[in-house]
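Got the model open in your viewer? Keep the selection box handy and take the stops below in order.

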Amino acid sequence: MTPLTRLPDGERLPELLTIGVSVSVPDPFGSAIQDARAGHGDPQARSIPTHVTLLPPTEVAAADLPKIEEHLAEVAGGHRPFRMLLQGGGTFRPVSPVVFVRVEEGAQECRLLEADIRSGPLARELAFPYHPHVTVAHGLPEDVLDQAYEQARGFRAAFTVPGFSLSRFDADEVWRPWRSYPFS
């Protein structure tokens with residue numbers, strides 16, 4: 001695995017960058033959720049690939065990337081592929097204006113992964129307790145969030161999770177997958 005020392009276009013990494021770690025929701029399910037999110041008018045719909053967060057946006061020093069990569073590879077090596085079932089809607093309202101699809105199967109595996117990932121060089125405190133989910137609407141008017149919740153209630157998708165991805169938040173405010181870490 002080549003170290004992450006440059007961006008794909010050859011440009012040098014900034015001294016500080018924002019990363020995240022997640023389980024990708026594969027197509028056709030991922031694009032269906034992204035289309036629904038865009039249909040609700042969520043301005044972030046096309047800038048965030050559909051995912052289950054394992055490490056929320058975290059600012060790191062580029063110099064720390066080698067030990068972060070080693071840590072993530074070690075974590076992935078300690079886990080096995082698992083089945084994920086996304087089904088039904090949920091919300092974090094009134095605490096946070098978020099509507100999501102629930103992780104019905106695979107939630108415990110996500111919790112274990114999240115705890116392993118958010119250790120060592122990626123140890124950090126969270127603003128809220130970890131709750132695996134797939135966001136379908138965020139920060140929108142209440143009536144739109146209600147509509148998104150009703151639509152999410154009928155959603156169902158099942159797939160195997162083969163690993164997780166490290167993503168970066170670029171200057172254009174788009175999240176881009178950067179490296180994949182397959183389970184052993």
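Start with the whole chain: residues 24 or more positions apart account for 75% of the contacts with a separation of 6 or more, a contact being heavy atoms within 4.5 Å. Before zooming in, bear in mind that this is a predicted model, where local features need pLDDT of at least 70 and side-chain atom pairs count only at pLDDT 80 or more, while totals for chains, interfaces and linings use all residues. Numbering runs from 1 along each chain as its sequence is written, and side-chain values use heavy atoms, with hydrogens and water left out.

**The whole chain**

Switch to cartoon and you should find 4 helices and 8 strands, where helices (H or I, at least four residues) and strands (E, at least two) are DSSP runs numbered from the N terminus. Followed along the sequence, the pattern is β-α-β-α-β-β-α-β-α-β-β-β. The radius of gyration is 16 Å, close to the 16 Å that the globule rule gives for 184 residues, so the chain is as compact as a globular protein of that length. That radius is taken over C-alpha atoms, and the rule is 2.2 Å times the number of residues to the power 0.38. The C-alpha trace spans about 45 × 35 × 30 Å along its principal axes.

Now turn on the surface. Its accessible area comes to about 9600 Å², with 52% of that belonging to carbon and sulfur atoms; the areas come from the Shrake-Rupley method with a 1.4 Å probe, and for residues only the protein chains shown count as cover. Buried residues make up 45% of the 184 in the chain. Buried means under 20% relative accessible area, exposed over 50%, and partly exposed in between (1.4 Å probe, protein chains only).

**Stop one: helix α1**

Select residues 29–39, which form α1, and color G30, I33, Q34, A36 and R37: these are buried. They cover an arc of only 160° around the axis, which puts them on the same side of α1; the arc is that of the directions from the helix axis to the C-beta atoms. An α-helix has 3.6 residues a turn, so residues three or four places apart point the same way. Show β5 (133–138) and α4 (142–152) as well, since they are among what covers the buried residues of α1. Just past the helix comes G41, with a positive phi near 85°.

Stay in α1 and zoom in on R37. Is this arginine buried or exposed? R37 counts as buried because its relative accessibility is 6%. Beyond residues up to four places away in sequence, R37 touches Q44, A45, I48, T135, V136 and H138, as well as D42. With D42 there is also a salt bridge, the closest N and O atoms being 2.9 Å apart. A salt bridge here is a side-chain nitrogen of Lys or Arg within 4 Å of a carboxyl oxygen of Asp or Glu. D42 is buried too, like R37.

**Stop two: helix α4**

Move on to α4 and pick V144, L145, A148 and A152, which are buried. Their arc is only 100° around the axis, which puts them on the same side of α4. Add β3 (82–91), β4 (98–105) and β5 to the view: the buried residues of α4 pack against these strands.

**Stop three: the core**

Next, select I19, L72, M84, L86, I117 and F164. Of the 45 residues in the largest nonpolar core, these touch the most other members. Such a core is a set of buried Ala, Val, Leu, Ile, Met, Phe, Trp, Tyr and Cys residues joined through side-chain atoms within 4.5 Å. Helix α2 (residues 65–77) gives the core its largest share, 5 residues. Center on I117: leaving aside neighbours within four places in sequence, its contacts are V21, L54, L55, H71, L72, V75, L122 and F164.

**Stop four: charged pairs**

How many salt bridges does the structure hold? There are 13. Look at E114 and R118, whose side chains meet at 2.5 Å, N to O. E114 is buried, with a relative accessible area of 5%, whereas R118 is partly exposed at 24%. For a network of salt bridges, select R168, D170, D172 and R176.

**Last stop: P162**

Finish at P162, in the loop between β6 (156–161) and β7 (163–169). P162 is exposed at 54% relative accessibility. Now add P81, P182 and F183, which P162 touches. P162 and P182 are 20 residues apart in sequence and 5.8 Å apart in space, C-alpha to C-alpha.
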